[in-house]
Amino acid sequence: MAQALRAAAAVAVVAMAPASAFAGSQGPQQDPCLNVEALCGPQVGSQFVPPAPALMCPCGPGAWVRELPSTKIEPTVPVETIEQEQLFVILRKAKATPSSASALVNGIGNSSCVFGCSSGALSISERAAFSSSEREYWEGTLPPCPRMVTLAAMGSATQAVGVATTAHLGCSASASSTLAGACSSLGDASAQLSHSLLAQAQFNSASTAVKVSGNIGAMISVESVSIQGSYSKLDSWEATGIGSATGTASFIVKPDRTYCAFTNKAVTKRAAGTVTVIGAAAVANGGSVAFNSASTIKLWVE
């Protein structure tokens, strides 16, 4: 009787097993019940169409066990400081969680000419990063028991850069923001993103004006397999008196990055992301400068 039931189960999943599993002359056959996967139908609104009826495969005994998540974050505690350095006042921030990272640097510099003109320059950076993994595995007798699995890649990212300087000889400012990250699990439940922004402002002695350049133009829409969003395009111009410019970017994971199935496949969820922000400036001859750079990324599979 048991042999008859197992034969019927094998027939029920023949259409889903890989061709190599049935190539008898190529090697030993693989039990199709070791790799069961009945995908859900199309997503209607926020709901999936249930998959086909459960496959008639024997399983177990045993149970699915979920390991404690493994995480690493940098910095391990949030950073937020206000510092005085030379002619500059600086704000630094950095924070990370198992699914997000954010960092910011902001600086304002002023040169005084009361007792002779002062000058100074600096470059600062901040970084934040995270990585996490979570695994569910079968503990017991093979084959594993199928169960419903629904997964979705989730996340977003934002960036901002800004610079400003007066038209004084020796004054300049720059800001850059970079981010990169990815999350993954079964099927289409994955996403990845990498992007950079830059802005610069510098006194041009030839024109006695400030030239600004970088990702400071109109917004451009962008789309990849897993991400959609927009960012400031490259542009440049000159300004008299004070030159300033800002650039931004914003991204989200597409809502179709999902997986839904009645399956006995093991599930592992992974996510990682890094942001780096840099600000630099020089100030002299009674001028003033400022820069700002910020970046945030959030990615996870739920």
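How many strands and helices does the chain have? It has 18 strands and 1 helix, and the views below take a closer look at parts of this predicted model.

**View 1. The whole chain, before zooming in, has 302 residues.** Of these residues, 40% count as buried. The accessible surface adds up to about 15400 Å², and carbon and sulfur atoms own 57% of that area. Take the contacts between residues at least 6 apart in sequence: 74% of them join residues at least 24 apart. A search of the whole structure also turns up 3 disulfides and 1 cavity of 30 Å³ or more, so to speak the cast for the close-ups.

**View 2. Cysteine 40 and cysteine 260 are joined by a disulfide.** The S to S distance here is 1.9 Å. The link has -50° about its S-S bond and is left-handed. The two partners come from distant parts of the chain, 220 residues apart. Cysteine 40 sits in the loop between strand S1 (37-39) and strand S2 (43-44), while cysteine 260 belongs to strand S16 (residues 258-263). Are these two cysteines buried or exposed? With 14% relative accessibility, cysteine 40 counts as buried because the cut-off is under 20%. Cysteine 260, at 7%, is buried too.

**View 3. A disulfide ties cysteine 59 to cysteine 145.** The sulfur atoms are 2.1 Å apart, S to S. The torsion about this S-S bond is about 85°, so the disulfide is right-handed. Where do the two ends lie? Cysteine 59 is in the loop between strand S3 (47-48) and strand S4 (62-66), and cysteine 145 is in the loop between strand S9 (120-140) and strand S10 (147-166). The pair therefore ties together parts that are 86 residues apart in sequence. Cysteine 59 has 33% relative accessibility and counts as partly exposed.

**View 4. Cysteine 113 pairs up with cysteine 117 in a disulfide.** Their sulfur atoms are 1.9 Å apart. A torsion of about 110° about the S-S bond makes this disulfide right-handed. Both ends get some surface: cysteine 113 is partly exposed with a relative accessible area of 37%, and cysteine 117 is partly exposed with 45%.

**View 5. Cysteine 171 is buried, with a relative accessible area of 1%.** Why does cysteine 171 have no bond to cysteine 113? Cysteine 113 holds the closest cysteine sulfur, but that sulfur is 9.6 Å from the one in cysteine 171, too far for a bond; a disulfide would need the sulfur atoms within 2.5 Å. Elsewhere in the sequence, cysteine 183 counts as buried as well, at 3% relative accessibility.

**View 6. The largest cavity holds about 30 Å³ of space.** Which residues line the largest cavity? The lining is made up of Gly155, Ser156, Ala157, Leu193, Ile227, Phe251, Ile252, Val253, Ile297 and Leu299. Elements giving two or more residues to this lining are S10, strand S15 (242-253) and strand S18 (288-301). Sorted by class, the lining has 8 nonpolar and 2 polar residues, with no charged ones.

Key: Residues are numbered from 1 along each chain as its sequence is written. This is a predicted model: local features need pLDDT of at least 70, side-chain atom pairs count only at pLDDT 80 or more; totals for chains, interfaces and linings use all residues. Side-chain values use heavy atoms; hydrogens and water are left out. Helices (H or I, at least four residues) and strands (E, at least two) are DSSP runs, numbered from the N terminus. Buried means under 20% relative accessible area, exposed over 50%, partly exposed in between (1.4 Å probe, protein chains only). Contact means heavy atoms within 4.5 Å. Accessible areas come from the Shrake-Rupley method with a 1.4 Å probe; for residues, only the protein chains shown count as cover. On a 1 Å grid over the protein atoms alone, a cavity is a set of points where a 1.4 Å probe fits but cannot get out, and a pocket is an open set with protein on both sides within 12 Å along at least five of seven lines; lining residues have an atom within 4 Å of a point. Grid points are joined across faces, edges and corners, and a volume is the space filled by probe spheres set on the points. Ala, Val, Leu, Ile, Met, Phe, Trp, Tyr, Cys and Pro count as nonpolar, Asp, Glu, Lys and Arg as charged, and the others, Gly among them, as polar.
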